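Reader: I would like a close look at one part of this model, the second largest pocket. Please set it against its surroundings as well.

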Amino acid sequence: MQSSPENSTCQKAYITTPIYYVNDVAHIGHAYTTVIADALAIYSRMVGYDTFFLTGTDEHGQKIEEAAKARGKETQAYADEISGKFKALWDDFDISYDKFIRTTDTAHKQGVQFAFQKMFDKGDIYKDVYKGHYCISCETFFPKIQLVDDEFCPECGKPTSIVEEESYFFRLSDYQERLLQWYRDNPECILPKSKRNEVIRFVESGLEDLSVTRTSFDWGVHLPAEIDDPKHVMYVWLDALMNYLTALGYGTDEVRMDQWPARVHLIGKDILRFHAIYWPAFLMSLEMPLPKHIAAHGWWTRNGEKMSKSKGNVVNPREVADAYGLENFRYFMLREVPFGGDGDFSQRALIDRINSDLGNDLGNLLNRLIGMSGKYFEGRVESDLVEKYYPAELHAMHDSIDKLEPLLFEMQIHRYLEELWRPLAIANKAIDQYQPWTLMKEGREAEAMALNGLIATILANVAVMLHPIMPKTTDTIAAALGFGITEESYRHLTKERELLAPFTVEKIPPLFPRIEEAVLLEKAEKQPETAKKETEKETKTEGVALIGIDQFFQTSLKIGTVIQAEEVPKSKKLLLLQVDLGDGDIRQVVSGIKEWYSPEELVDTQVCLVANLKPAKLMGIKSEGMVLAAKDDEGLVLMRPEKPKKTGTVVS
Ligand code: ME8
């Protein structure tokens, strides 16, 4: 493949994710950042940028030390284990990182010490005494004024402790004006732009010098030998932020320093302050150029609720990818949420995206092409007359494709995908409007063939531009259309607006089979028999299975209001209930409570419903839930809230 001089540009694209703490395993938030970064990296490579994609793990600090201790493990062994899990996940997800850095790597530690020494020699780091409120969980000191009830961390709500210790300080206050100048001169340095204003306001309110060493624990990078102060270890954020430089060989072999400055640091909104204030100040002190963009995304919730381990509702990316397909999941995450905003994960929303956007709009278009060309032209597709018969559609498609590129690095990824779906709408509409079956009936074969060519060319352009988000799926589409996705085909199709060369379309099975209902719970139930027996042995006490809180929270329990009740004909035991769960969700429930309750006394009362049971049929009637009840020798009573609760309230 040849690259033209203008496109092989020496444009650099150094793309980073945060390095993830090894105190926990990966969740959807980690997957989200990593997938965005991966999409940017794949795109950058496809368009010919010299690309370097970095991810890794953040392994120092008191939090990690304590997490290891809580599990009875040696800290390094524990860090190895969790870091390994992150790496394995990204490998299984085919994340195309160029380097996976660990802050416990020797080269990283050397690079951090080199930087510390440089800032110290310059007079930007000095020794003093620090007294303040420290939050271990956030690894941050907070001024008293910021604490909640004088005690609790304003970020995570956990209690802080008063720490008084000798510390080295970084002269952050000296950089206030230069930082403000940088934000003003570079309107896109922080994305989305609204976040930049927040940072400006914060910095304008005044910056204090930053404590950058600790003596209260040992699990961290020690100060450079020259400074000779062995009881100090570096503040984890100084250590962690430096990874973006040390990964390129800063302070050691400098092997990829040509990649600096970063094109984009992708992060979550909670760590913006560290990246948008401390990091550029450190870089200024080190006399290094500043990154082009710091892009902060929002947070994911699950079914409208904050995710937390105690609620057991943390979305496990591996489970979702296994259940719904990795690339469908990638598409969903990037399409569902405007970058910077918070997003909600629900299986319903994911299923809708798969069935509608992917199945109906994209997959079905390919099926239509396979069908049309198969029926009328033995699978042949020729595009030479597209311009003659369908110029408006062709140009409209290219106009949409032309709008895409800037959206990506401006982090408007959901808009990128929205815009990319326009050509699909154009193609689907063209088939409905020009009706190949009518054209053929009227003997207008050339027009029917050109319509095939139009559809194939649109699909080819969409496949290329969707490639960064769904690499394998789009490779399959491209192969069916007789080409491969490369820098060259990207250029020919999208830049030079070439049409596809004649080809015979390959018949492939539907790419996005329709999904009818949530599949995650079913998956969890399906365990191999032997594993199941083992688990049962371990988890039973006095005949009752012990389950983890995570398993318990897989059951969705809700307060419902019975709006209708009637007897099931010919049944002695069953009643048929209509239970309102709020927001228009009305469930038909067949329940074996007729011996104890009459339909009349149930209407307008509340019940507790298991809301995520697979629908089942009882006496031929579909039942979409189960009411909770307790039964002993004296009979059965329904479990209801002590006082009326809002319909749909979650029971936990
Ligand atoms: O902060 N939705 O690591 P981390 C979306 N080691 N994103 C989420 C999220 C959610 N519910 N929960 C967390 C660290 N995140 C540091 C980074 S970089 C030099 C050091 C995001 O493992 C969070 O915003 O706690 C952050 O970007 C990332 O997960 C890593 O969090």
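Which element supplies the largest share of the lining of the second largest pocket, and how many residues does it give?

Author: The element is β4, with four residues. This is a predicted model, so read every value below as computed from it.

Start with the pocket itself. The second largest pocket holds about 460 Å³ of space. Its lining has 22 residues. Closest to the centre are F141, P143, E208, R273 and Y278. Four elements each bring at least two residues to this lining: β4 (125–135), β5 (140–142), β8 (210–211) and α9 (272–285). F141 falls within the span of β5. R273 and Y278 fall within the span of α9. In chemical class, the lining splits into ten nonpolar, six polar and six charged residues.

Now the ligand. Its shell counts 23 residues. The closest are I19, D58, G268, D270 and W300. By class the shell has 13 nonpolar, eight polar and two charged residues. β1 (12–21), α1 (28–46), α7 (236–241), α8 (243–246) and β11 (264–268) each give at least two residues to it. The top contributor is β1, with four. I19 lies within the span of β1, and G268 is at the end of the span of β11.

Next, the polar pairs at the ligand. An N or O atom in the side chain of D270 is 2.3 Å from an oxygen atom of the ligand. D58 pairs with a nitrogen atom of the ligand: an N or O atom of its side chain is 2.7 Å away. W299 places a polar side-chain atom 3.4 Å from a ligand oxygen atom. On its own the ligand has 670 Å² of accessible area, and the protein covers 92% of that.

There is also enclosed space to account for. Rolling a probe the size of a water molecule over the atoms shows where empty space is left. The whole structure yields one cavity of 30 Å³ or more. The largest cavity has a volume of about 30 Å³. Its lining is made up of Y32, I36, M333, L334, V337, P338, F339, I413 and H414. Elements giving two or more residues to that lining are α1, α11 (326–336) and α16 (413–434). So α1 serves both the shell around the ligand and the lining of the largest cavity. Eight residues of the cavity lining are nonpolar, one is polar and none is charged.

One residue ahead of α11 deserves a look. G325 sits in the loop between α10 (317–324) and α11. Is G325 buried, partly exposed or exposed? G325 is partly exposed, because its relative accessibility is 27%, and that class runs from 20% to 50%. Its C-alpha atom is 9.5 Å from that of F512. Along the chain, the two residues are 187 apart.

Last, the overall frame. The chain has 652 residues, and 53% of them are buried. Its secondary structure comes to 24 helices and 29 strands. Along the principal axes, the C-alpha atoms fill a box of roughly 85 × 80 × 50 Å.

Back to your pocket, in brief. β4 leads its lining with four residues, and E208 and P143 are among the residues closest to its centre.

Conventions. Residues are numbered from 1 along each chain as its sequence is written. This is a predicted model: local features need pLDDT of at least 70, side-chain atom pairs count only at pLDDT 80 or more; totals for chains, interfaces and linings use all residues. Side-chain values use heavy atoms; hydrogens and water are left out. A residue is near a molecule or strand if one of its heavy atoms lies within 4 Å of it. A polar contact is a pair of N or O atoms within 3.5 Å; within protein, one must be able to donate a hydrogen and the other to accept it, and residues adjacent in sequence count only if both atoms are side-chain atoms. Accessible areas come from the Shrake-Rupley method with a 1.4 Å probe; for residues, only the protein chains shown count as cover. Ala, Val, Leu, Ile, Met, Phe, Trp, Tyr, Cys and Pro count as nonpolar, Asp, Glu, Lys and Arg as charged, and the others, Gly among them, as polar. On a 1 Å grid over the protein atoms alone, a cavity is a set of points where a 1.4 Å probe fits but cannot get out, and a pocket is an open set with protein on both sides within 12 Å along at least five of seven lines; lining residues have an atom within 4 Å of a point. Grid points are joined across faces, edges and corners, and a volume is the space filled by probe spheres set on the points. Buried means under 20% relative accessible area, exposed over 50%, partly exposed in between (1.4 Å probe, protein chains only).
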